[in-house]
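Here are a few notes to read alongside the structure. Keep the picture open and find each piece as you go.

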Amino acid sequence: MVTALELRIVEKVDALREDMLAFLRELIRIPSVNPPGDEYLPCARLVDDGLTALGFETRFVTDEQHPDHSPERPRVNVVGRLPGRSAMPTLHFNGHTDVVPPGEHWTVDPFEGVVKNGRIYGRGACDMKGGIAAALFAAAAVREAGVNLHGSLEFSATVDEETGGYAGMDVLARKGLIAPERTSYVIIPEPFGPGRICLGHRGVYWFRIDTTGRTAHGSMPFLGVSAISQMERVLGRVESGLIPDLQTRVTDMPVDPPEARRATINVNGITGGQPVEGVGSPCVADRCSAVFDRRFLKEESFDDVKGEIQVLIGELTEADRDFYAELTDLMIVHPVETDRNAELVRTAAQTIEDLLGTPADLVASPGTYDHKHVRNTGGVKQCIAYGPGLLHLAHQPDEYCEIDHLLKSCKVMALTAVRLLGAD
Ligand SMILES: [Zn+2]
């Protein structure tokens, strides 16, 4: 049931429609493309202006030591706090300001923010500048409706999510700005759509295998050991042994699409021997490297996940004295999942049902996002992704967000904030 006070906020969101679109258009017009991580400062300033106008106390936060932080491409995050009557509970909205490169095949300018047919187009319209706009205007609607919050509201716009978030949300968590003592709930407005709540994501293990052979004249390959053939055997074992095994492992997390409820592995890239442009010289390849992307389930332990790769290499080594391979860890992200009975999830789900008239869909993500930093580094247990847009449009040409989605999500976020924090 929606109260009179809540109704006032909902009406305020509708009244702020044009302002929200103008803000979002301005944000889309900043080409904050990552990689390499362009134009973060203008994004931080724009969000900062919006927060300051609402009475938030703001600051810029950067990790000066981060290798990607440079004078040309400063990794600037902005964090704001709107103190309520009491410090806790605190609800923190976090959005990432980076977007992936636009790529080809756009029919509109990806950095214009074209509005047509009830949609706003542009790189980041759904992933996730639309989410930042909806969350910011949720705070604006609460303020402008003259509502006083009991708890406190926080807002951050952070960098580099598309490349792991280690100069972004991870910095906030490492600096103690996302921590159980000061953060009760976190909402990340990734584009799952107005009716869906994302509880978390699978784990990630990126690793490289390097095989080493022995070079010889290419006309007499029997005199050498081909590192490419050695890699072929690794791939053969992955295809015939590991993948069928992974397909039998199914998580009880509600990952969408359902195919991604199984453990998976992908070869992200492979290189070996000489460069293939031009003719080259006749040599047996003495080196080959492949990068693997293993997505693991909360039901699997990381030690087992890595262990089965070590066993695979060990067995090949034992069977052939010419086989030599090395395993290197590249990235490890442990799975995260917020309890579906947590206050944050129940409140957001009830608000969705009250406002949209249909029960909320609880899902989990096949891929990782900034939730990992909130949970694994910050130690905050209640975190969801909830925001406007359609996930399958993210990273695509002609990315857009339905304006109706922006308004609905904005209303849900505003009322969720009021219900979690208390208000009069
Ligand atoms: Zn995103």
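The points below go through the cores, one helix and a small sheet.

1. First, a reminder: this is a predicted model. Residue numbers start from 1 along each chain.

2. Let's begin with the inside. The largest nonpolar core has 92 residues, and Ala138, Ile384, Cys410 and Ala414 are the ones with the most contacts inside it. Leaving out residues up to four places away in sequence, Ala138 touches Cys410, Met413, Ala414 and Ala417. Another core, of 11 residues, lies apart from that one; Val234, Val284, Cys288 and Ala325 are among its members.

3. Now have a look at helix 6, which covers residues 227-246. Its 20 residues reach 26 Å from first C-alpha to last, close to the 28 Å expected at 1.5 Å a residue. Where is the kink in helix 6 centred? Go to Val238: the helix bends there by about 35°.

4. Which residues of helix 6 are buried? They are Ala227, Gln230, Met231, Val234 and Leu246. These buried residues pack against strand 9 (203-212), strand 10 (264-272), strand 11 (287-296), strand 12 (325-333) and helix 7 (302-319).

5. Next, the small sheet. It is open, with three strands in the order 4-5-16 and antiparallel pairing. Strand 4 (115-116) and strand 16 (400-402) are the edges: each has a single partner strand, so one side of each has no neighbour in the sheet. Two bridges link strand 4 to strand 5 (residues 119-121), and Val115 sits opposite Ile120 of strand 5.

6. Finally, find helix 10 (residues 403-421), which lies across strand 5 and strand 16. Helix 10 runs at about 60° to strand 16.

Key. Predicted model: local features only at pLDDT ≥ 70, side-chain atom pairs only at ≥ 80, totals over all residues. Core = buried A, V, L, I, M, F, W, Y, C linked by C-beta atoms within 7 Å. Buried ≥ 20, exposed ≤ 12 C-beta atoms within 10 Å, placed from the backbone. Contact = placed C-beta atoms within 7 Å. Helix = DSSP H or I, 4+ residues; strand = E, 2+ residues; numbered from the N terminus. Expected span 1.5 Å × (residues − 1). Bend = angle between axes of the 7 residues up to and from the residue. Pairing = 2+ DSSP bridges. Axes fitted to C-alpha atoms, helices over the stretch in contact; angles between N-to-C directions.
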